[in-house]
Amino acid sequence: MKKNQNEIYALVDEDFMSKFEGNHLQFMQDYYYNYYLKWCKNLNRKPLSKDLFFTNMRRRRLQFYQLCCPYCGTIVTAPHDKRIQGVGGYNYCIHCGKGSIIENIAKNLSRFINLRSINKIGLDELKKKYPDAEAWVLAYNSNCYHAEIIMLTTIIEVLFRDYFEALMFINNFGNSDKYIRKVVKKHTANNFMRIEKANVEYKRAFDINLKEKIIEDDWNALIDVVNLRNIIVHNNARIDEQFRKTPTYQRLNSYIDSDIVKLDEDLISHYFTSVTIASALLSKIFIDNYVTSRNVVIANYYFNNNSVFDEDSVEDEID
């Protein structure tokens, strides 16, 4: 099993326990120790005393990993026997299958890199066939750069939307009510593709002004990617009057020939860099919020679950 390096699973050790405050700490100590006693009973193993159990927890053979998935709202305690399962923890949510924020973002960005690599191979072959043709013409006629712009826009939309929904869960004491999520999705609609509107949602919901945190050049690049995507998808890659009214039109003035934007490799690389920087920044914002609120969400979940100390419920979870 690969070493656990994601934030949705936390090893229950002294550092993790120290993040519970007040009555939450005593309650969660009772919960985890009770879980441990039932586990030892199942294994026919003599349990440690409570004080000893909460000492050197990272070194113990029998450990717990606490799942708190901000995507689907699943909260589960996972037992881990290092002798059987090896060193390390768990990587993906048992319910929705999602893993680390960093891993999810890295996968999306790597898919874009793969697409660029394939497109470059194709463009190089076209250049051999049509040596006198300009590179942007070959790319325009083959739709290579258009496909890359569309994919970058998808990454932007997923990035803003998924993090927003995850922050909604973690900042509202783990509320994963399906109706509330449905209302939020209906309200936000496709706002996460519209960067300025996405920022409004983040400010209203979490008092986070993304525009102030992302440098102006990268912020403008995100807006330009989306505006380019719109004319590619809705106007056959031709500039329309709506596009001419946008600041993107002014910023790309040197790339415009009549009603065509002459995309080139350098411009696409600039956009990809800006999306990558924004992804890293938003990941940090989410993780900071997540770690700050995670233990409160976990404690409230177990406190409101009347069966957490029932023997049958613990044994079912262990099995």
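Which residues line the largest cavity? Keep that in mind as you open this predicted model, and start by selecting V12, F53, M57, R60, L62, Q63 and F64, which make up the lining.

**Stop 1: the largest cavity**

With those residues showing, look at the space between them: the largest cavity holds about 50 Å³. The structure has three cavities of 30 Å³ or more. Now color the lining by residue class, and you'll get five nonpolar residues, one polar and one charged. Strand β2 is the biggest contributor to this lining, giving three residues.

**Stop 2: the sheet**

Since β2 has come up, select residues 62–68 to see that strand whole. Then add β1 (9–11) and β3 (75–81), the two edge strands, each of which pairs on one side only. Together the three strands form an open sheet in the order β1-β2-β3, with antiparallel pairing. What holds strands together in general? Strands of a sheet pair through backbone hydrogen bonds, either parallel or antiparallel.

Turn the sheet edge-on and check its twist, which averages 30° from one strand to the next. Next, zoom in on β2 and β3, where the antiparallel pairing runs over seven bridges. For one particular pair, click on C68 and find its bridge partner in β3, I75.

Now bring in residues 23–43, which are helix α2. This helix lies across β2 and β3, and runs at about 130° to β2.

**Stop 3: a residue in α5**

Move along to helix α5, residues 101–129, and pick out N108 within it. Which residues does N108 touch, leaving aside those up to four places away in sequence? Show M151, I155 and V158, and you have them. While you're here, use the distance tool on the C-alpha atoms of N108 and I156: they are 10.0 Å apart, although 48 residues separate the two along the chain.

**Stop 4: α7 and α14**

Select residues 144–170 for helix α7 and residues 265–303 for helix α14. Their axes come within 10 Å and cross at roughly 10°. An angle under 35 degrees counts as roughly parallel, so that is the label for α7 and α14. Color their contact by class and you'll find 21 nonpolar, four polar and three charged residues.

**Stop 5: α9 and α11**

For the last stop, select residues 195–206, helix α9, together with residues 216–234, helix α11. At what angle do the axes of α9 and α11 cross? The crossing is at roughly 125°, and the axes come within 9 Å. These two helices are therefore oblique to each other.

Show the side chains where they meet. On the α9 side, the contact is made by I195, E196 and N199. On the α11 side, look for W219, L222, I223 and V226. By class, this contact of α9 with α11 has five nonpolar residues, one polar and one charged.

Terms used: Residues are numbered from 1 along each chain as its sequence is written. This is a predicted model: local features need pLDDT of at least 70, side-chain atom pairs count only at pLDDT 80 or more; totals for chains, interfaces and linings use all residues. Side-chain values use heavy atoms; hydrogens and water are left out. Axes are lines fitted to C-alpha atoms, for helices over the stretch in contact, and angles run from 0 to 180 degrees between N-to-C directions. Helices (H or I, at least four residues) and strands (E, at least two) are DSSP runs, numbered from the N terminus. Angles under 35 degrees count as roughly parallel, over 145 as roughly antiparallel, 65 to 115 as roughly perpendicular and the rest as oblique. Contact means heavy atoms within 4.5 Å. Ala, Val, Leu, Ile, Met, Phe, Trp, Tyr, Cys and Pro count as nonpolar, Asp, Glu, Lys and Arg as charged, and the others, Gly among them, as polar. Two strands pair if DSSP finds at least two bridges between them. On a 1 Å grid over the protein atoms alone, a cavity is a set of points where a 1.4 Å probe fits but cannot get out, and a pocket is an open set with protein on both sides within 12 Å along at least five of seven lines; lining residues have an atom within 4 Å of a point. Grid points are joined across faces, edges and corners, and a volume is the space filled by probe spheres set on the points.
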